[in-house]
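Open the model in your viewer and keep the sequence panel visible. The tour below goes from one selection to the next and says what is there.

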Amino acid sequence: MKRVLGGILVGLGAFLLAAGLVAYFWAPDLLLKTPEAVDNTTYLTGDATKLNLSTGKQDELPIKVTSVTLTDTRRSTDTVNAWVNNVCVVVDEGNPPDCIDKKDDRLVQASTDIFATDRVTGESVDDPATYLSGLDYTATTGLVNKFPFGTEKKDYMFWDPTLGAAVPVTYEGTVDLDGLEVYEFHMVIDGATIEIAKGVEGTYDFDKTMMIEPTTGAIVDQSQHDVRTLEDGTNALDMQIQFTDDIVAEGVSDAKENLSGIKLVTETVPLVGVIGGPLLIIAGVFLLVRSRRKPEPADDAPAPKTPATV
């Protein structure tokens, strides 16, 4: 019985030790990486003041924004993701769909961005043509749609598609968001010259705040103020939007679930394996050794009988 139990303990201990070492050395490389297949829809809501070209007046409008971000799995690799991001801003009147035809007056703006980023750092890749050949893309720099795994309390460069350049995002502090610790980052563009419409020059002001879960780099909350002004100072578009409450709640819930899984694999499993495995091996070896020892006669055992003589 001791031999059987000892063998079981040695085998179990070896398994735990191996699992702990694998989880410690290799699991982070597998877990702390953006999945190759991503299909995410984010909803924002807010208000806009927009120049009505027909009347010349400023229309105040409720708006909703739908951002669909997905990976092109055929072009993505083990280290790089190829992305497509479609954004539609529509006037939230008459129960409009997430995106509408350009001929519909309720469409404020629509855009498509194609880019490639590193699956760990979130940074734009240096050679996008390798992954986006044949597509109508703009080479990006900096972070684009998320922060790196293991986001630090420092400033980063973040891509702005309207400006067509990366601008600094500054770390502002740590915030508790419904029980989740997040880092607050702030991005500001002040009076940049852009083409507001085809052939129409103007200025662009932008102010965005993002709440980042630092372990995964996920954006769990976001608010922004976008202002575009004609050269004569006339407002062309003044838009303030933020993640909907449902999207924030979903982001916080997903972040907590992801953190639990990451902690289990990268902390709990290595700890149990590296500590518990050797203890079980030692206990098993001890039982195996005991099972092989010959029993010694007890001190009070009767003395052997002397053969009788005839």
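Two strands count as paired when DSSP finds at least two bridges between them. By that rule β6 and β7 are a pair, joined by eight bridges in the antiparallel sense. The model on screen is a predicted one.

**The sheet**

Select the strands and follow them across. An open sheet is built from 10 strands, in the order β4-β3-β2-β1-β10-β9-β8-β7-β6-β5, with antiparallel pairing. From one strand to the next, the twist averages 25°. Strands of a sheet are held together through backbone hydrogen bonds.

Now select residues 107-118 and 156-160, which are β4 and β5. These strands stand at the edges with a single partner strand each, so one side of each has no neighbour in the sheet.

**From β5 to β7**

Stay with β5 and add β6, residues 165-177. Five bridges join these antiparallel strands. One place to look is Asp160, whose bridge partner in β6 is Ala165. The two strands form a hairpin with four residues between them. In that turn, Gly164 has a positive phi of about 75°.

Move along β6 to its hairpin with β7, where two residues lie between the strands. Here Asp178 takes a positive phi near 50°. Leu177 has Leu180 in β7 as its bridge partner.

Next, pick Val175, which is also in strand β6. Is Val175 buried or exposed? The answer lies in between: its relative accessibility is 27%, so Val175 counts as partly exposed. Leaving out residues up to four places away in sequence, Val175 touches Leu180, Glu181, Val182 and Glu184. For a distance check, measure from the C-alpha of Val175 to that of Ile212: they are 9.5 Å apart in space and 37 residues apart in sequence.

**β2, β3 and the disulfide**

Go to the other part of the sheet order and select β2 and β3. These strands run antiparallel and are joined by nine bridges. Val68 stands opposite Asn86 in β3.

Then show the cysteine side chains. How many disulfides does a search of the whole structure find? It finds one. This disulfide joins Cys88 to Cys99, with an S to S distance of 1.6 Å. Cys88 is in strand β3, while Cys99 is in the loop between β3 and β4, 11 residues apart. The relative accessible area of Cys88 is 8%, under the 20% limit, so Cys88 is buried. Cys99, at 40% relative accessibility, is partly exposed.

**The nonpolar cores**

Finish with the nonpolar cores. The largest has 22 residues, and those with the most contacts inside it are Ile63, Val89, Leu177, Val220 and Met239. Select β1 (39-51), β2 (58-71), β3 (80-91), β7 (180-197), β10 (235-243) and α4 (245-292) to see the elements that give two or more residues to this core.

Centre the view on Ile63. Which residues is Ile63 in contact with, leaving aside its neighbours within four places in sequence? Among them are Val89, Val108, Met239 and Ile241, along with Thr45, Gly46, Asp47 and Ala48.

For the last stop, select Tyr156, Val167, Ala192 and Ile194. These residues are included in a second, separate core of 16 residues.

Technical notes. Residues numbered from 1 in each chain as written. Predicted model: local features only at pLDDT ≥ 70, side-chain atom pairs only at ≥ 80, totals over all residues. Heavy atoms only, no water. Core = buried A, V, L, I, M, F, W, Y, C linked by side-chain atoms within 4.5 Å. Buried < 20%, exposed > 50% of the residue type's maximum accessible area, 1.4 Å probe, protein only. Contact = heavy atoms within 4.5 Å. Axes fitted to C-alpha atoms, helices over the stretch in contact; angles between N-to-C directions. Disulfide = S-S within 2.5 Å.
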